Amino acid sequence: MSRGRMREQYPTAGQAFAYRVEESSSGVTVYLDDEAVELDIARNSPADGWCRWQGRTLPFATAWIGDELHLWLDGVLFIFQRLEEQQRDRRALRSTDGGSVAPTAGHVPIVEDARHIISRLSGSVLLVSVQPGDSVSVGDEICVVEAMKMEHSIRSSVAGVVKAVNVTPGQQVSTGDILVELEDDSAST
Amino acid sequence: MFTKVLVANRGEIAVRVQQTLHVMGILTVSVYSDVDAAAPHVAMSDEAYPLNGNTAEETYLDIDKLLTIARTNGAQAIHPGYGFLSENPRFAQACQEADIVFVGPSPNSMEIMGDKIRSKELAKSVGVPVVPSSPVCDSANPELESFAKDAGFPLLVKAAAGGGGRGMRLVTEPEQLSRAMDAASREAQAAFGDGRVFLERYIPSPRHIEFQVLADSQGHVIHMLERECSIQRRHQKIIEETPSPALTPALRQRMGEAAVAVARAAEYVNAGTVEFLLDPDGTFYFLEMNARIQVEHPITEAVTGVDLVEWQLRIAAGERLTLNQDEIQPNGHAVECRIYAEDPYNDFLPSTGTLRHWQPPSGPGLRLDSGFVVGQDVSTFYDPMLAKLVAWGPDRSRSLRRMEEALRRFAVLGVVTNIPFMREIVAHSAFRDGSYDTRFIEEHPELLQPARAVELSRAAQAIASQAGNRGSVAAPVQGDASDADHRSPWHLAGHWRLP
């Protein structure tokens, strides 16, 4: 079984969707945003084949080009970005008190609590804008992450005082990683 | 007949010309720029010589390099293809002086036809109606104003040495005229090395109908019927068909006779195309003559059964044209789509990349002319045309249905193509009923919506999710770019499938 999130980029930039692919003795079932999809695939090779969709047989071919999945389906080109294969747990990269957040198995929703500012995307940290002792307000920039060839400013959705900064420039982060820890009396608005 | 011919071109036309040369038992010589070293037109040739460079000027436009290669290696003739030097009188002249046969018309007829004003004068002189136009002028010329007043607005500014829609501007208001002329002139200077422009009356919803002509050196001139090329985007043809749904037999005969008259008046020899604009009211006007083989020639070959390149070579070798006008009747219907590496959903921006998957369709009535194979890079050095797909059918309806299905099955990954856009056009009711003109694409903006992608979105997501599990593609298969040897005979067998 495997799961993750993808987003259609071409021809239409779409919403991200969560997928789950379950293989059993009777075949493969795909769930998109938890809804089962009726689709049978017959492969010619790992990269091409046919699918049965709504009573028709549609040819398809796929290729990974860089970190994009290119899909040709029934005469139409689609390009998808894989956002995250969420089999990993939410975790801290470094903690000042020697402890760490207890790992949780399985599907991990991104939940923010008032003491953690977490990353909503995967990429590499370009710069860090805060240090321990700084006061942050909602909307303040915490760091800048490069992902999908663009720079993304990660902003705080909580207010408080920085207790620990878990990232340094050049470091890779993943969705769900805790970037910054705030003092215990912090509060979200 | 020649025993060795140099093809002074690249890409699909160089492949296509060599296919006929090989059928005729003639040895082929190819030339290539640095980036084209591994291209199919090179790999298939009997002899290949580098041009050492990458810009067009350093390579396919370099007359001295081409003639040196031809002379040194014993090529008796040069086929210029289309574009590049195919309509360059200096090149044709230089070939003559070097005692090498140029497969095409004489330098003189090329010069006349290359000059949009002179060619119209010639047409008028044999009683063929022409689109009213001004003499060549610049924005300071006083004659300009009187022409503009007579012709009225909107009118077109066109390049005297031009083609393919470049150096062309539509002017709707008198105030815009001067600036439009300057802009057109700059564009023409950059594209053709000749910034001269002229004005032409604008015919609002014309159909573009052209006639293929063939003429031998003994004065025998015939036409090979028409091609309708009204599906254009920014004045570039993208879909062509024959016969034209707009022509009655009577109109076909009159226009055909006019085309032959123009070619004869220019003492034209070899293959050429006479272009007309057809007004909705049934009046036709001579526009220009193209003194070369054209991109869309395959549809004429499909309905007449004639190999035009073969006749070009035979005429160039001095043979008599043994086809008679009354033998030229269309058999069935053919349509061609030009497949480009362009993104129809992003203003047709060119797309570059490596062809990771390239699986053209096959089946009854299909022909593919292409200069690309799987694994090849599509770069910005040259025109982004990947291939020409032709579908012949016993009637128009079947040829269009075959084309639609062929477009559906044409799998390309690695670059974005205009294939889904072509399919929307071919399936469109206004195209299907034959009632379209050169404004078709403008008038149907719905063509630019990725409607099919929206319908298939869920299925696409479900398939993509499974590809997401597997990471990168493992085993190489034919038609897959991970096949290590791009030069293997499997990939170089040529892409011309006879109907």
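In which strand of chain B is B:Glu241 found? In this predicted model, the residue belongs to strand E11, which covers residues 236-242 of chain B. B:Glu241 has a relative accessible area of 0%, so it counts as buried. Its side chain has two polar partners to look for. One is the side chain of B:His333, at 2.6 Å, and another is the side chain of B:Tyr436, at 2.5 Å. Apart from neighbours within four places in sequence, the surroundings of B:Glu241 include B:Arg227, B:Glu228, B:Ile299 and B:Arg396. B:Ala334, B:Val335 and B:Phe431 are also in contact with B:Glu241.

A second buried residue can be followed in the same manner. B:Lys120 sits in helix H6, made of residues 116-125 of chain B. Its relative accessibility is 2%, and buried means under 20%, so B:Lys120 counts as buried. The side chain of B:Lys120 makes a polar contact of 2.5 Å with the side chain of B:Glu200. Beyond the four nearest places in sequence, B:Lys120 also touches B:Val130, B:Val131 and B:Ser133, together with B:Phe198, B:Phe286 and B:Leu287.

Helix H6 also helps to cover another helix of chain B. In helix H5, residues 107-114, the buried residues are B:Pro107, B:Ser109, B:Met110, B:Ile112 and B:Met113. Their cover includes helix H4 (89-97), strand E5, helix H6, helix H9 (249-265) and strand E13 (284-290), which belong to chain B.

Strand E5 leads on to a sheet. In chain B, five strands form an open sheet in the order E3-E2-E1-E4-E5, with parallel pairing. Its edges are strand E3 (47-50) and strand E5 (101-102), each of which pairs on one side only. Further inside the order, strand E1 (residues 4-7) and strand E2 (residues 27-32) of chain B are joined in parallel by 4 bridges. One pair to find on screen is B:Lys4 with its bridge partner B:Leu27 in E2 of chain B. As a general guide for viewing such strands, side chains in a regular strand alternate between the two faces of the sheet.

Nonpolar residues can be traced next. The largest nonpolar core contains 67 residues, and B:Leu214, B:Ile239 and B:Ile425 have the most contacts inside it. Helix H11 of chain B, residues 308-316, gives the most to this core, contributing 6 residues. Another core, of 54 residues, lies apart from it and has B:Leu51, B:Ile69, B:Ile78 and B:Cys95 among its members. Returning to B:Ile239, the residues that it touches beyond four places in sequence include B:Ile231, B:Val335, B:Met422, B:Ile425, B:Val426 and B:Phe431. Its contacts also include B:Glu228, B:Cys229, B:Glu336 and B:Cys337.

Chain A has its own architecture, with 18 strands and 0 helices. Of its 189 residues, 44% count as buried. The accessible surface of chain A is about 9500 Å², and 46% of this belongs to carbon and sulfur atoms. Among its contacts between residues at least 6 apart in sequence, 45% join residues at least 24 apart.

Strand E9 of chain A, residues 76-84, has 7 of its 9 residues buried, and it is therefore largely enclosed by the rest of the structure. Strand E1 of chain A (residues 2-10) runs antiparallel to E9 and is joined to it by 5 bridges, with A:Tyr10 partnered by A:Ile79. Strand E8 of chain A (residues 68-73) also pairs with E9 in the antiparallel sense, over 6 bridges, and here A:Leu73 stands opposite A:Val76. The hairpin of E8 and E9 in chain A has 2 residues between the strands, and A:Asp74 takes a positive phi near 50° there.

Elsewhere in chain A, strand E15 (residues 158-165) is joined by 2 bridges to strand E12 (residues 135-136), and the two run antiparallel. A:Val136 has A:Gly160 of E15 as its bridge partner. E15 of chain A also pairs with strand E17 (residues 178-182), in the antiparallel sense over 3 bridges, where A:Val165 is matched with A:Val180.

Finally, the two chains meet through 42 residues from chain B and 46 residues from chain A. Together they bury about 3700 Å², of which 67% is on carbon and sulfur atoms. On the chain B side, B:Leu413, B:Arg458 and B:Ile463 lose the most area to chain A, together 17% of what that side buries.

Technical notes: Residues numbered from 1 in each chain as written. Chains lettered and ligands numbered in written order. Predicted model: local features only at pLDDT ≥ 70, side-chain atom pairs only at ≥ 80, totals over all residues. Heavy atoms only, no water. Buried < 20%, exposed > 50% of the residue type's maximum accessible area, 1.4 Å probe, protein only. Pairing = 2+ DSSP bridges. Core = buried A, V, L, I, M, F, W, Y, C linked by side-chain atoms within 4.5 Å. Contact = heavy atoms within 4.5 Å. Polar contact = N/O pair within 3.5 Å; in protein donor to acceptor, adjacent residues only side chain to side chain. Areas by Shrake-Rupley, 256 points an atom, 1.4 Å probe, with all protein chains shown as cover. Buried area = accessible area lost by both parts, 1.4 Å probe.
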